Amino acid sequence: MNLVKEHAAFDVETIRKDFPILKRKINGKPLVYFDNAATSQTPQQVIDVIVDYYSNYNANIHRGVHSLSQEATDAYEQSRQKIQKHFNAAHSHEIIFTSGTTHGINLVASGFSSLLKVGDEILVSALEHHSNIVPWQMLCERTGAELKVIPMNEAGELILSEFDALLNENTKLVFVNHISNALGTINPIEYIIEKAHAYGAAVLVDGAQSCPHLKPDVQKLNVDFYVCSAHKICGPTGIGMLYGKEKWLKALPPYQGGGEMIAEVTFEKTSYADLPHKFEAGTPNVCGGIAFGAALDYMNAIGFNAIAKYEQELLSYATGKLSEIEGMKIYGTAKEKTSVISFNVGNIHPYDIGTILDKMGIAVRTGHHCAQPIMDYYQIPGTIRASFMFYNTKEEIDVFIAALKKAIMMLS
Ligand SMILES: *Cc1c(COP(=O)(O)O)cnc(C)c1O
């Protein structure tokens, strides 16, 4: 396949120049960064926005009458509108800035404490990240609701007939990730949302792994809550967003008390601010919020269709090369998956391979990927995970495959 022809407008070498870190050497070797599912790298365009903020208009927002505060407030609120537009939310006040996916999930789980009772049921998928399991277990402990698990099959796909069978009038919430960080499976969230709604259950989708690869339309999905982290979408750490349907955000109580989230405070009674401020107590990550918008601008300028198409090529190229290696076992072979490959080779411990790859400048993730239940399903302690973004190349995959073969020789 001719890449250049396929992507007239998508030139990976030009794109790579935007990422200063990709020029780095690690242990004397050019960096090959394949740990994108843990965090993505940041382009100069976004770094510039961060430098500009602290160099020129750093101020606290929503409070000051002075010019700097107004500039910062405007930029922060414009960023919220960018995010609204990107996800096609009906209102900008349905976008709540959070510190990331974990914060967004905890905000919703905490809010539902007052809405659930003994006998209610919560469904969670077997493919979840710990951050989409533990807050719901804590919610169940607080409320007496019961947590049930939608099982997966050997390919790493959710078994939808089992999901159908679990749904009933007591089901109040369903939590599922859009894409599994451990296996790359794209879950059929359209189906899950529609079925859950038929029983009156609300659905929260963890979009931490989907947002780097596709552009979700929250109105079309008709999803109740959608969460993600900017650091997996070329933005900085410590910032993310929770999308919630207006009716749900109005129904949930505030998550934290403090400045910014109130309308009026007396010692007798406090009234809460309108959305979105009700959920944004304290001084927010102003710079992060602005940089989040800049990261979306950057990715949209490249285009999510081009990104998805290119990443699928990387995925099938790497899958083909890995499959040729003796003793190779790839976990997660769903028909619909993104550019994440989890694997083991023979009985070699993933950590040993990861350590040798690092010596050769290659960053992969080893371990359980915050998804221990998936590892338990396959009865393994962990995997090696290579995850690609649009700035990776087939040449890097070749370097990785050669290094992997060397590591296997050294360890067997
Ligand atoms: C990374 C990730 C999270 C956690 O995101 P944070 O930024 O650490 O809060 C949750 N779910 C999935 C699927 C992830 O990939």
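**Exercise 1. Classify Lys250 by its accessibility and describe its salt bridge.**

At 56% relative accessibility, Lys250 counts as exposed, where exposed means over 50% relative accessible area, buried under 20% and partly exposed in between, with a 1.4 Å probe and protein chains only. The model is predicted, so that local features need pLDDT of at least 70 and side-chain atom pairs count only at pLDDT 80 or more, while totals for chains, interfaces and linings use all residues. Residues are numbered from 1 along each chain as its sequence is written, and side-chain values use heavy atoms, with hydrogens and water left out.

The next step is the partner: Lys250 forms a salt bridge (a side-chain nitrogen of Lys or Arg within 4 Å of a carboxyl oxygen of Asp or Glu) with Glu246, and the closest N and O atoms are 3.9 Å apart. Glu246 is partly exposed, its relative accessible area being 25%. Because the two residues lie 4 residues apart in helix H10 (residues 246–251), about one helical turn separates Lys250 and Glu246; helices (H or I, at least four residues) and strands (E, at least two) are DSSP runs, numbered from the N terminus.

**Exercise 2. Trace the salt bridge of Arg385 and decide whether its two partners are buried or exposed.**

Arg385 pairs with Asp35 in a salt bridge whose closest N and O atoms are 3.4 Å apart. This pair links distant parts of the chain, 350 residues apart, with Arg385 in strand S17 (residues 383–387) and Asp35 in the loop between strand S3 (32–33) and helix H3 (44–57). Arg385 counts as buried at 2% relative accessibility, and Asp35 counts as buried at 10%. Asp35 and Arg385 are also linked with Arg365 in a network of salt bridges.

**Exercise 3. Locate the salt bridge between Lys335 and Glu157.**

The side chains of Lys335 and Glu157 meet at 3.9 Å, N to O. Lys335 lies in the loop between strand S13 (328–331) and strand S14 (340–345), whereas Glu157 lies in the loop between strand S6 (146–150) and helix H7 (160–166), so that the pair links distant parts of the chain, 178 residues apart. Lys335 is exposed, with a relative accessible area of 75%.

**Exercise 4. State how many disulfides the structure holds, and examine Cys211 and Cys287.**

The structure holds 0 disulfides, a disulfide being a pair of cysteine sulfur atoms within 2.5 Å. For Cys211, the nearest cysteine sulfur is that of Cys228, 4.0 Å away. For Cys287, the nearest cysteine sulfur is that of Cys234, 16 Å away. Cys211 counts as buried at 1% relative accessibility, and Cys287 counts as buried at 6%.
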